[in-house]
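Here is a structure to get to know step by step. Take a look at it first, and then we'll walk through it together.

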Amino acid sequence: MEKTETFPYDVVDYLTTHEDCAAYLDACIEESDGDAAFIAAALGNIARAKGMAQVAKDAGLSRESLYKALSGERNPDFATILKVTSAMGIKLHAAVA
């Protein structure tokens, strides 16, 4: 029997356009069931795809604090979320539930 060769999956490899990033974030928000840390982790994936150092610089944050905020292990404050989404070129918007 032949062995199946597998490769690690990293969503970052597929977040190549602004549209991909926005669609990914929308899907994560939809699936989050209100879990802010899950959404923060999704933003962290997008930031990694765009370059964490550049996103941190554009958001006016240190790279280390950005990693911590978007690790998925804590809930970053809303001001941080707004800075990060703005730095990544993503707009947040509301819709009727």
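Is Tyr9 buried or exposed? Tyr9 counts as exposed, because its relative accessibility is 64%. The words have fixed cut-offs: buried means under 20% relative accessible area, exposed means over 50%, and partly exposed is what lies in between, with a 1.4 Å probe and protein chains only.

Before going on, a word on what you're looking at. This is a predicted model, in which local features need pLDDT of at least 70 and side-chain atom pairs count only at pLDDT 80 or more, while totals for chains, interfaces and linings use all residues. Residues are numbered from 1 along each chain as its sequence is written, and side-chain values use heavy atoms, with hydrogens and water left out.

**The overall picture**

The protein has five helices and zero strands, so its elements read α-α-α-α-α from the N terminus on. Helices (H or I, at least four residues) and strands (E, at least two) are DSSP runs, numbered from the N terminus. Along the principal axes, the C-alpha atoms fill a box of roughly 55 × 35 × 25 Å.

The protein has 97 residues, and 32% of them count as buried. About 6900 Å² of the protein is exposed, with 52% of that area supplied by carbon and sulfur atoms; accessible areas come from the Shrake-Rupley method with a 1.4 Å probe, and for residues only the protein chains shown count as cover.

How do the contacts spread along the chain? A contact means heavy atoms within 4.5 Å. Take the contacts between residues at least 6 apart in sequence: 52% of these join residues at least 24 apart.

Then there are the charges. The protein has 9 positive and 15 negative ones, and their mean positions are 11 Å apart. Lys and Arg count as positive and Asp and Glu as negative, with His and the chain ends not counted. Each charge is placed at NZ of Lys, CZ of Arg, CG of Asp or CD of Glu.

**The tyrosine pair**

Back to Tyr9. A search of the whole structure turns up one aromatic pair. The rings of Tyr9 and Tyr14 have centres 5.5 Å apart and planes at 15°, so this pair is stacked. The rule behind that: rings of Phe, Tyr and Trp (its six-membered ring) pair if their centres lie within 6.5 Å, and planes under 30 degrees apart count as stacked, over 60 as edge-to-face and the rest as tilted. Tyr14 counts as exposed too, at 52% relative accessibility.

**Two cysteines, no bridge**

A disulfide is a covalent bond between the sulfur atoms of two cysteines. Here a disulfide is taken as a pair of cysteine sulfur atoms within 2.5 Å, and the count comes to zero. Why is there no bond from Cys21 to Cys28? The sulfur of Cys28 is the closest cysteine sulfur to that of Cys21, but it is 11 Å away, too far for a bond.

Cys21 is buried at 1% relative accessibility, and Cys28 is buried with a relative accessible area of 8%. Cys28 lies in helix α1. Leaving aside neighbours within four places in sequence, Cys28 is in contact with Phe38 and Ala42. Phe38 is ten residues from Cys28 along the chain, and their C-alpha atoms are separated by 7.6 Å.

**A loop and the last helix**

Asp33 sits in the loop between α1 (18–31) and α2 (36–50). Asp33 isn't a glycine, yet its phi is positive, about 55°. With 78% relative accessibility, Asp33 counts as exposed.

Helix α5 (residues 78–87) holds Thr80, and Thr85 is in helix α5 as well. The table sets out these two threonines, with contacts that leave out residues up to four places away in sequence.

| Residue | Relative accessibility | State | Contacts |
|---|---|---|---|
| Thr80 | 15% | buried | Leu61 and Ala69 |
| Thr85 | 2% | buried | Leu43, Ile90 and Leu92 |

The segment after α5 contains Ala95, which is exposed, with a relative accessible area of 67%. Ala95 and Glu30 are 65 residues apart in sequence, and from C-alpha to C-alpha they are 12 Å apart in space.
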